[in-house]
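Hi,

Here is the structure I said I would pass on. Have a look at it first, and then read my notes underneath.

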Amino acid sequence: MRPTLHDYVIDLYGKGIYHPASRLVDIVNFAKLTNREPRLGDFVPCDDGGNVLQKPEGYDKWLLEDYYTEVETSWIRDCSKYQTAKDKVIFAGDWKVLETGFDTLTHHYLDSEYLGKSYSLTVISNGTHNIEFRDNDCGVWLSNKNHIGELQINRIEDLPREIEFKNGVI
């Protein structure tokens, strides 16, 4: 389970750090992390523009030093870019992109329907939870098998506890 700020501080105390003030920077950084809105790049490798990167073909061979001395520079650059984006992912799990595209906000007023602004949409899933990332300040939305409908997520802290950080994040 992903720790709350309270759990994190108690854990530091339990590790023999009796003066939380000595670990204040860690506590503040954890609080900042959990208080910000989740980003698509926190779950799957994305470029600087927030676009999902596809795993380059032969990426696993790129990890072998002897192999990439003989291949194209552009392929090496793509693999390196993907690895850098993969290193920025902070959540564990096998998150897959289910859908990308555009949608339109629809508002219902009594007997009429009002179509609002369009937004880009990316839906990812780990098999249990689906998360929709909508641009244009529409937010981050969560749905899962046990919940009918959607729940807006404003902070990492609001994600279900079973969505864990990967090793080395905290």
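Before the helix, one bit of bookkeeping: the span expected of a helix is 1.5 Å multiplied by one less than its number of residues. Also keep in mind that this is a predicted model.

With that in hand, take helix α5, residues 73–87. Its 15 residues should span 21 Å at 1.5 Å a residue, and the C-alpha atoms at its ends are indeed 21 Å apart, so expectation and model agree.

Which residues of α5 are buried? They are Trp75, Cys79, Tyr82, Gln83 and Ala85. These residues sit on the same side of α5, because the arc they cover around the axis is only 165°. The general background is familiar: an α-helix has 3.6 residues a turn, so residues three or four places apart point the same way. Over on the other side of α5, you will find Thr73, Arg77 and Asp87 exposed.

Next, the strands. Strand β3 (residues 129–134) has five of its six residues buried, so the rest of the structure largely encloses it. Its partner is strand β4 (residues 139–144): the two run antiparallel and are joined by six bridges. If you want a place to start looking, Phe133 is opposite Val140 of β4. β4 is mostly covered as well, with five of its six residues buried.

Then there are the pockets. The largest pocket holds about 630 Å³ of space. Its lining is made up of 27 residues, and those nearest the centre are Leu40, Cys46, Gly49, Gly50 and Asn51. Both strands from the last paragraph turn up here: α5, β2 (112–125), β3 and β4 are the elements that give two or more residues to this lining. By type, the lining of the largest pocket splits into nine nonpolar, nine polar and nine charged residues.

The second largest pocket has a volume of about 420 Å³. It is lined by 18 residues, with Val44, Pro45, Tyr82, Asp94 and Trp95 closest to its centre. Tyr82 is one of the buried residues of α5. At least two lining residues of this second pocket come from α5, and at least two from β1 (96–109). What is the make-up of the lining of the second largest pocket: how many nonpolar, polar and charged residues? There are eleven nonpolar, two polar and five charged.

So α5 is the one to keep on screen while you go through both pockets, as it contributes to the lining of the largest and of the second largest.

Cheers

Technical notes
Residues are numbered from 1 along each chain as its sequence is written. This is a predicted model: local features need pLDDT of at least 70, side-chain atom pairs count only at pLDDT 80 or more; totals for chains, interfaces and linings use all residues. Side-chain values use heavy atoms; hydrogens and water are left out. Helices (H or I, at least four residues) and strands (E, at least two) are DSSP runs, numbered from the N terminus. Buried means under 20% relative accessible area, exposed over 50%, partly exposed in between (1.4 Å probe, protein chains only). The arc is that of the directions from the helix axis to the C-beta atoms. Two strands pair if DSSP finds at least two bridges between them. On a 1 Å grid over the protein atoms alone, a cavity is a set of points where a 1.4 Å probe fits but cannot get out, and a pocket is an open set with protein on both sides within 12 Å along at least five of seven lines; lining residues have an atom within 4 Å of a point. Grid points are joined across faces, edges and corners, and a volume is the space filled by probe spheres set on the points. Ala, Val, Leu, Ile, Met, Phe, Trp, Tyr, Cys and Pro count as nonpolar, Asp, Glu, Lys and Arg as charged, and the others, Gly among them, as polar.
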